[in-house]
Each structure stands twice: as structure tokens, then as C-alpha cells.
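I am opening my notebook to record what I looked up in this structure, one topic per entry.

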Amino acid sequence: MHIAIAGNIGSGKTTLTTLLAKHMSWEPQYEELSSNPYIYDFYADMERWAFNLQVYFLHSRLNTTLQIQRSAKNVVQDRTIYEDAEIFAPNLLQMELMNQRDYDNYKALFNVITQLIQPPDLLIYLKASIPTLVEQIEARGRDYEDSIRLEYLRKLNERYNLWFENYKGKKLEFSIDTLKFRDNPEDLGIIIRSIESKLYGLFPE
């Protein structure tokens with residue numbers, strides 16, 4: 001079984017991945033940000049490093065997704081391969097931080113890759129307002145995120161909402177503005193019950 005957690009920067013994907021994996025005794029699969037050779041350069045100069053960063057993420061997430069599919073383990077994954085191509089790359093194109101030639105090259109590669117993988121059994125979208133995202137980004141204190149622009153977060157949010165609305169697989173949405181699952185066990189319980197109902201219930205929510 002494969003659950004994937006999607007959401008904007010600072011929405012709490014990593015935290016929920018950890019909490020769900022612990023509760024369900026599943027294996028967590030995290031983003032490998034610390035080993036990303038482009039992340040610091042990208043936030044310092046987005047236009048210069050946008051294509052390099054997206055190709056790195058595509059390679060990294062393809063490798064992760066294939067490992068999950070080949071494994072017999074139950075996995076909770078922090079961020080999906082689809083978000084890079086459906087949200088981050090087109091957002092960079094729209095903001096003129098990636099040129100059309102690089103975007104077309106990247107998207108063609110992604111289209112080939114999607115023929116090799118299967119979607120998760122359940123997609124969870126952590127939806128959050130900009131103030132909530134900013135608060136959580138500041139709280140975790142990653143220095144390379146200090147230069148993130150509010151407009152960048154807003155545009156990502158718009159794309160996330162549209163992408164999730166049109167996503168065809170099994171899915172659940174949770175508002176992080178109201179569900180403070182990191183610190184409130186009752187809110188975490190609401191999320192867990194909804195997931196279990198969606199996966200195993202006779203009448204999924």
C-alpha cells in the first residue's frame with residue numbers, strides 16, 4: 001500500500017508522514033533535501049537554477065517511486081513525483097524563471113517517466129493559506145528558505161488547488177489552517193480516521 005502526501009512548501013508533509021508512519025507501522029519515505037546539490041543555488045537565483053533543480057527532483061522522485069513499487073512494504077511518502085511536473089515546473093515557466101525550451105524538454109521527459117510508474121493508492125493534500133505556510137516555514141528555520149517570495153507561494157497554492165481538484169485517483173484533502181495535527185492529537189485522530197475509512201471502510205468518506 002502506498003500513501004503519498006502532497007502540499008505546498010511548509011504545509012506539514014514531513015510531519016504528517018512521520019506521524020502516520022508511526023501510527024500505522026508503515027515505512028516513511030522522505031524528500032532528500034539535505035543532499036540536493038541545487039537547493040541553495042535555486043533559492044539564491046531561481047532563473048539560473050530552475051531547470052537543474054527540476055531535473056534533479058524528477059530523477060530523485062522517479063528513483064523513490066520505483067523503489068516503493070518494487071517493495072512489498074507499506075509506505076507513506078513525503079511529496080509525489082506529479083507535483084514537480086504539474087505544479088512547480090509550470091509555475092516556474094509562468095513566472096519566467098524557466099524558459100519554454102527547458103520546460104518542454106522537462107515535460108517530455110516527465111511524460112515518458114509516467115509510463116513507468118503507478119499512482120499512489122491514496123493521495124493526501126494538505127491545503128493551507130499563505131499565513132499558515134509562512135508561519136510554519138519560519139518555525140522550521142531552514143536558512144535556504146529565507147528568500148522565498150510570497151508571490152511564489154501564492155502561485156503554487158493556486159496550482160495545487162487546481163491540480164488536486166482535477167486529480168482522478170483516490171484522494172483526501174485536509175485544511176491545515178484548522179487541523180493542527182502536529183500539536184493536537186484530536187486533529188491527528190480526525191485525519192487518521194478519514195484515511196482508514198477511505199482505504200478500508202465499507203462506505204469511504
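Entry on a buried tyrosine. In this predicted model, I looked up Tyr106 and found that it counts as buried, because its relative accessibility is 1% and the cut-off for buried is under 20%. I placed Tyr106 in helix α5, which covers residues 100-113. I also noted its distance to Ala89: the two residues are 17 apart in sequence, and their C-alpha atoms are 8.3 Å apart in space.

Entry on the chain as a whole. I read off eight helices and five strands for the protein chain, and from the N terminus on I wrote their order down as β-α-β-α-α-β-α-α-β-α-α-β-α. Is the chain extended or compact, going by its radius of gyration? The value is 17 Å, and a compact globule with 205 residues would have a radius near 17 Å, so the chain agrees with that expectation. Taken along the principal axes, the C-alpha atoms fill a box of roughly 50 × 35 × 30 Å. I noted as well that 51% of the 205 residues count as buried.

Entry on salt bridges. I reminded myself that side chains of opposite charge can pair when their charged atoms come close. The structure holds seven salt bridges, and I followed some of them one at a time.

I began with Lys73 and Glu27, which form a salt bridge whose closest N and O atoms are 3.0 Å apart. Lys73 lies in the loop between α3 and β3 (75-78), while Glu27 belongs to strand β2 (residues 27-29), so this pair ties together parts that are 46 residues apart in sequence. I checked how open the two residues are, and found Lys73 partly exposed with a relative accessible area of 49% and Glu27 partly exposed with 30%.

I then turned to Glu31 and Arg79, whose side chains meet in a salt bridge at 3.5 Å, N to O. Glu31 sits in the loop between β2 and α2 and Arg79 in the loop between β3 and α4 (81-94), so here too parts far along the chain are tied together, 48 residues apart in sequence. Both Glu31 and Arg79 are buried. Which residues are linked with Glu31 and Arg79 in a network of salt bridges? I found that Arg61, Glu83 and Asp84 belong to this network along with them.

The next pair I wrote down was Lys155 and Glu151, whose side chains meet in a salt bridge at 3.5 Å, N to O. Both residues lie in helix α7 (residues 150-166), and they are four residues apart, which is about one turn of the helix. Lys155 is buried because its relative accessible area is 19%, just as the cut-off of under 20% requires, whereas Glu151 counts as partly exposed at 38%.

Entry on surface charge. I looked for a charged patch and noted a negative one on the surface, formed by Asp41, Asp45, Glu47 and Glu96. I picked out Asp45 for a second look, and it lies in the loop between α2 (39-44) and α3 (46-70). Is Asp45 buried or partly exposed? Its relative accessibility is 38%, so I entered Asp45 as partly exposed.

Definitions and conventions
Residues are numbered from 1 along each chain as its sequence is written. This is a predicted model: local features need pLDDT of at least 70, side-chain atom pairs count only at pLDDT 80 or more; totals for chains, interfaces and linings use all residues. Side-chain values use heavy atoms; hydrogens and water are left out. Patches are made of residues with over 30% relative accessible area and no salt bridge: like charges are joined within 9 Å, nonpolar side chains (Val, Leu, Ile, Met, Phe, Trp, Tyr) within 5 Å. Accessible areas come from the Shrake-Rupley method with a 1.4 Å probe; for residues, only the protein chains shown count as cover. A salt bridge is a side-chain nitrogen of Lys or Arg within 4 Å of a carboxyl oxygen of Asp or Glu. Lys and Arg count as positive and Asp and Glu as negative; His and the chain ends are not counted. The place of a charge is taken as NZ of Lys, CZ of Arg, CG of Asp or CD of Glu. Helices (H or I, at least four residues) and strands (E, at least two) are DSSP runs, numbered from the N terminus. Buried means under 20% relative accessible area, exposed over 50%, partly exposed in between (1.4 Å probe, protein chains only). The radius of gyration is taken over C-alpha atoms; the globule rule is 2.2 Å times the number of residues to the power 0.38.
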